Amino acid sequence: MALLSLRAILLTVAIVSTFIQSSWAKPLGTGIHKHHSLDTWFLVTEQSSYVISAAGNGYLVNMHWGKRLTQLDDLNAMVVEPPVFSQIIPVTEAREELPVFGGLRYRENILKVELPKGIRELNLQFAGNANITDKTKLDLDLRDGNRTEFLVTLHYEIDIENDIIRRSYTVRNGLDDRVDLSKASSAAWHLPYALGWDEQRELVTLSGEWSQEAMVQTTRLSPGVKHTVESTRGFADHVSHPYFALAQVPNAVNPTTDVYFGALAWTGSWEITIHTDTKGFVRVTGGIHHQDFGWTLEPGESFTTPVFAAGYTDQGIPGARHRMPRHARKYQKKNVATQKDENVFHPVLYNSWEAVSFDLNEEKQMALAEKAAPLGIELFVVDDGWFGVNSPRDNDTAGLGDWDTNPKKFPNGLKPLADHVHKLGMKFGLWFEGEMVNPDSDLYREHPEWVFHYDGVPEYLSRTQLVLNFGLKEVRDYIFEKVAGHIKEAGIDYIKWDFNRPMQGVTMHNYDRNPQEAWVLAVEGYYEIIARLKERFPHLWFESCSSGGGRMDLGALERTDQVWTSDNTRPDARLFIQYGASLWVPPRMQYGWVTDSSSDKSIEIPLSFRFHVSFMGSLGLGSNINKFSKEQLEESTHWIALYKKLRHVIQNGDLDWLVPPSRVGELVAVTESIYNDGDEAVILAFRHNSPFPDSGELSPIRIRHLDENAIYRVTIWQEDPQNPVDEYDLSGALLMYRGLELPSLNKGMFKSAVVWLQRA
Ligand code: GLA
């Protein structure tokens, strides 16, 4: 008997529903519910339902993922006639929660193992154990039909207010022989039909490279085509970011379309595949990249995959853009002690990397700190170049790995500078790249065996450096003690932890287990260092950086205080980068520095425009303030003061792009940060240029999420942070339905405005 098509299932639901209507119970609340008599579970969030069932033949399949359902009995029809597989539409077609390699499954699988006797096929069915905890967590056991001791526990956790489900699973080897995993992706997600033949889905992914992170790409899905986004480099990377969204077209940016979206919490090599079949069903899989993955389970051992979080909204990409960053922030708050308090804002920081590069010493940094403090800077960070004794870090060819203060640059260590910075009323931050080593370093000379390598195979340099094997405890312990020593001695409040090259030669030596485990051990080593540092120094803030935004995946977001989005600080480029990153990175975690970029001096970008772009998340300053005129210093002071007045809205609010940055004709971009149910909003509006003689006026910008019955005080700043260009009252209705006019953005290059809306 052929597998029921969804249409047939829905039809049957309708018929059965009418029949049983009189016995329906009150609408299902949020939380996880089990059907009273069937092995069917309803995961209900505020706006969505996710229904899984093993009630048919024991295979665990997805019944529904989409808008919220109200009744347990809604799905009686499906369980009355469960999916049955045949040679016509075999198990390949089924929407299995954990499609494995084995049997007649020919679509993307997420688990491949080698069992004893060389058997590489699995056949998993519900084992009868289900556990619901706190109404938000569900564990379901699956067993291999032929080997009852091979157990997989699927983990589900729902984020009710953000309509997101977190999935992972644990594989346990209860056999008395070893089992080898060669693929263990985290989850398979199944989307329903696009609603009709004339409607299609568009895949939103992010491409990039160094200095060009998170470029939003859209691709139309086609039947029979599989798309893959991935990193094989050992870290999350900039070439793509572990995020996807699938939106119904046309009009993905319209806030009323169905969008499915997800992100992987894994800072290592990863892959996400999106496959569409001829009927328009879409299967999304994702997790640790399987290319060179390997993990061996000895009898009694288990392996748990990272989390793949995904959600549904009927509010289009803007709805997805609110939910995933909120979700990341929620888990950051849960896990990161320094992030629990909503009223602790990310400090305005100064970092001289772009201004002076490696040219730093105690005296010069003290002088910069003295200039930075009166501007309102709250955190002073010393970047690369402060270390290296026998191989001084004067450029990027030497010194990495030698975490001792360069005696020429800092003859008395870092404490005098840190004390000075503290006396000036600022926190003190320091840069590390703990997982790396230059061959020209004492550490490499002493421990060449500590880098990832194969004996007899060349070690390929990138940025003149090699990657330390953080899978080795002795390496982690050594680096931890070095870093901890500085934190303790100098009184460091914050570290920026960098990672500036991809991995190669990833293997373990003298290891009695599977050497391919190195890929996972390296990432876990990074996580462990963060956890240990934060445990030893509970006040410590940790920034995840990787040549800019190479490590801003959900895994890093849930463990750290902030991420560095890009080494490209040119403001017009930043608009595009921030547009992409804002799909999953919480606004407060994204730093933007005001710098002197670009190096092309013919491009004059006003300081106001630079500040306004950097206002979009947490604010930093990276300009050469030694070269700032008195007027520039004064202007900066006032922008920083204004930012501090607005940052509760920007850092804690939700971000919308009212006008996404566009490359067509001219660059216009407008964002809105909305706070506290529409009590306040901050609008940042940018108009770069128009090449056309009469490009017309910028149309009124329709603001979202206000209270239409409220009156708002509207305050607008442009070039002068001290004197608003306009201040007046308008109703929420007018601001939302007719729009806000910004006539002075119409003339000239690089015009921008900050608008503050406050409910009167
Ligand atoms: C990377 C970071 C930069 C800076 C340099 C220092 O490129 O992204 O911000 O810290 O390293 O070498």
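**Figure 1. A cis peptide bond at Ser-598, in the loop between strand S29 and helix H12.** In this predicted model, Ser-598 sits in the loop that runs between strand S29 (590–594) and helix H12 (607–614). Look at the bond that links Ser-598 to Ser-597: this peptide bond is cis, with an omega of about 15°. Most peptide bonds are trans.

**Figure 2. A positive phi at Lys-117.** Here we visit another loop, the one between strand S5 (111–114) and strand S6 (124–133), where Lys-117 is found. The phi of Lys-117 is about 65°, a positive value, although Lys-117 is not a glycine. Most residues other than glycine have a negative phi.

**Figure 3. The ligand and the residues around it.** How many residues surround the ligand? There are 13, and the closest are Asp-383, Asp-384, Lys-496, Gly-548 and Asp-567. Sorted by class, this shell has six charged, four nonpolar and three polar residues.

**Figure 4. Side chains that meet oxygen atoms of the ligand.** Start with Arg-463, where an N or O atom of the side chain is 3.0 Å from an oxygen atom of the ligand. Next comes Asn-500, with a polar side-chain atom 3.3 Å from a ligand oxygen. Trp-564 also takes part: an N or O atom in its side chain is 3.5 Å from an oxygen atom of the ligand. Is the ligand mostly buried or exposed? Taken alone it exposes 310 Å², and the protein buries 97% of that.

**Figure 5. The largest pocket and its lining.** This pocket holds about 620 Å³ of space. Its lining is made of 27 residues, and those nearest the pocket centre are Arg-326, Asn-652, Gly-653, Asp-654 and Ile-674. Four elements give two or more residues each to this lining: helix H3 (316–335), helix H13 (630–652), strand S31 (654–659) and strand S32 (668–675). Which element gives the largest share? That is H3, with seven residues. The lining has ten charged, ten polar and seven nonpolar residues. Both domain 1 (6–331) and domain 2 (658–759) contribute, with at least three residues from each.

**Figure 6. The largest cavity.** Rolling a probe the size of a water molecule over the atoms shows where empty space is left. The structure holds five cavities of 30 Å³ or more, and the largest cavity contains about 110 Å³ of space. Among the residues that line the largest cavity are Thr-232, Trp-266, His-289, Asp-292 and Phe-293. Trp-519, Val-520 and Val-523 are also part of this lining. Helix H9 (residues 518–536) supplies the largest share of the lining, three residues. By class, the lining of the largest cavity counts six nonpolar, five polar and one charged.

Definitions and conventions:
Residues are numbered from 1 along each chain as its sequence is written. This is a predicted model: local features need pLDDT of at least 70, side-chain atom pairs count only at pLDDT 80 or more; totals for chains, interfaces and linings use all residues. Side-chain values use heavy atoms; hydrogens and water are left out. On a 1 Å grid over the protein atoms alone, a cavity is a set of points where a 1.4 Å probe fits but cannot get out, and a pocket is an open set with protein on both sides within 12 Å along at least five of seven lines; lining residues have an atom within 4 Å of a point. Grid points are joined across faces, edges and corners, and a volume is the space filled by probe spheres set on the points. Ala, Val, Leu, Ile, Met, Phe, Trp, Tyr, Cys and Pro count as nonpolar, Asp, Glu, Lys and Arg as charged, and the others, Gly among them, as polar. Domain bounds come from an automatic or database domain assignment. A residue is near a molecule or strand if one of its heavy atoms lies within 4 Å of it. A polar contact is a pair of N or O atoms within 3.5 Å; within protein, one must be able to donate a hydrogen and the other to accept it, and residues adjacent in sequence count only if both atoms are side-chain atoms. Accessible areas come from the Shrake-Rupley method with a 1.4 Å probe; for residues, only the protein chains shown count as cover.
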